[in-house]
Amino acid sequence: MHRTVRRHLGKMLAGAAIAVTGTAVMIGVTLPDPAGAADDTRGRTGSAAVAGADRGEQSAQGDRDGGSAAVGQAPAPGVVEDAPAEGEQGIGRDPLTDAEMERVEKLALTPSQFAGGRDVEGDRGPQHLATNLSEMEPSEADDAAPPRRADISYYDYKSDELVTKTVNLATGKVERTGVLKGVQPSPTRAENREATELILASPLGKGLKDDYQDAMGKPLTSVDQLWVNGGIYRADLEETVPRALAQCGVHRCVRVTSKVVNGPWIDTRDLVVDLSARTVGRVG
């Protein structure tokens with residue numbers, strides 16, 4: 001038993017000695033030669049000499065590249081180039097160009113449809129939601145140059161309907177039209193802004209104004225002082241709904257999240273705006 005312990009202790013000490021020796025070897029390899037660069041390979045191991053040669057090659061390469069590798073030298077300033085000019089017409093599955101998006105908006109609605117619709121502020125024309133490149137038809141998957149189409153969606157606040165249209169960009173024809181009730185895509189930036197405007201004009205917006213005054217030491221007078229986002233609120237997904245919000249889902253309703261510009265969050269999750277009826281309600 002005594003001999004076993006001594007042998008085990010001897011192994012531990014030998015292992016420690018090997019570890020110390022290995023550390024010393026590593027230090028000897030990585031530390032620079034105190035004699036300087038005049039004799040850069042004298043007294044070094046083979047690995048250190050190779051490492052020194054590699055550093056010399058890198059330094060020489062830096063000199064050939066204009067000195068960018070020199071110690072303490074700042075890199076050359078970056079050059080900002082203008083983006084390439086965007087064409088009128090995209091190719092293949094390229095994203096829609098600005099010219100294509102503008103053309104789609106002109107082709108999608110007839111004059112009577114534009115005059116009959118209303119946007120989030122009550123002005124003529126339905127509220128534009130999104131314009132995106134359409135997916136190809138299954139039969140066009142192997143075509144060398146499949147036709148480019150665009151899907152555009154609107155929300156008509158006069159009829160509370162989601163209107164979608166598919167426009168062929170080559171022919172200029174509206175190939176498909178869909179009209180749906182009770183379907184509520186995510187609100188746009190313009191709709192979130194209008195919802196916040198209605199909150200600030202409502203008596204229920206007093207809490208938001210008070211919180212802003214407490215946080216910033218000045219009054220909240222404009223939506224521009226806030227960063228706002230929003231999500232759709234539906235009455236059919238809630239257990240208890242205030243009477244003022246009972247039509248949400250059929251109407252377009254938004255629950256707003258707000259934050260002071262470059263400042264703290266302000267909790268407005270209990271406020272819901274019925275954009276169709278232009279009223280504000282409180283939940284919870």
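Colleague: Where does Asp-156 lie?

Modeller: In this predicted model, Asp-156 lies in strand 2, which spans residues 149-156.

Colleague: Which side chain of opposite charge is nearest to Asp-156, and how far away is it?

Modeller: The general idea is that a salt bridge requires a side-chain nitrogen of Lys or Arg within 4 Å of a carboxyl oxygen of Asp or Glu. Here the nearest side chain of opposite charge is that of Arg-118, 6.9 Å away, and Asp-156 is buried without a salt bridge.

Colleague: Which polar atoms, then, lie around the side chain of Asp-156?

Modeller: The backbone nitrogen of Arg-118 is 3.1 Å from a polar atom of the Asp-156 side chain. In addition, the side chain of Ser-159 makes a polar contact with that of Asp-156, at 3.4 Å. Leaving aside residues up to four places away in sequence, Asp-156 touches Gly-116, Gly-117, Arg-118, Pro-126 and Glu-161.

Colleague: How many salt bridges are there by this rule?

Modeller: The count comes to eleven. One of them joins Arg-148 to Glu-100, with the closest N and O atoms 2.8 Å apart. This pair links distant parts of the chain, 48 residues apart: Arg-148 is in the loop between strand 1 (127-133) and strand 2, and Glu-100 is in helix 3 (residues 98-108). Both Arg-148 and Glu-100 are buried.

Colleague: Which parts does the salt bridge of Arg-252 and Glu-191 tie together?

Modeller: The closest N and O atoms of Arg-252 and Glu-191 are 2.7 Å apart. Because Arg-252 lies in the loop between strand 5 (226-232) and strand 6 (253-260) and Glu-191 in helix 5, the pair ties together parts 61 residues apart in sequence. Arg-252 and Glu-191 are buried.

Colleague: Are Asp-224 and Arg-193 buried or exposed?

Modeller: The class follows from the relative accessible area: under 20% is buried and over 50% is exposed, with partly exposed in between. Asp-224, at 53%, therefore counts as exposed, and Arg-193, at 36%, as partly exposed. Their side chains meet in a salt bridge with an N to O distance of 2.8 Å. Asp-224 lies in the loop between helix 6 (206-216) and strand 5 and Arg-193 in helix 5, so this pair ties together parts 31 residues apart in sequence.

Colleague: What else does Arg-193 touch?

Modeller: Apart from residues up to four places away in sequence, Arg-193 touches Val-223 and Val-228 as well as Asp-224.

Colleague: Which cysteines does a disulfide join, and what is its handedness?

Modeller: The structure holds one disulfide, joining Cys-248 to Cys-253 with an S to S distance of 2.1 Å. The link is left-handed, with -85° about the S-S bond. Cys-248 is buried at 4% relative accessible area, and Cys-253 is buried at 0%.

How values were computed: Residues numbered from 1 in each chain as written. Predicted model: local features only at pLDDT ≥ 70, side-chain atom pairs only at ≥ 80, totals over all residues. Heavy atoms only, no water. Helix = DSSP H or I, 4+ residues; strand = E, 2+ residues; numbered from the N terminus. Buried < 20%, exposed > 50% of the residue type's maximum accessible area, 1.4 Å probe, protein only. Lys, Arg positive; Asp, Glu negative; His and termini not counted. Polar contact = N/O pair within 3.5 Å; in protein donor to acceptor, adjacent residues only side chain to side chain. Contact = heavy atoms within 4.5 Å. Disulfide = S-S within 2.5 Å.
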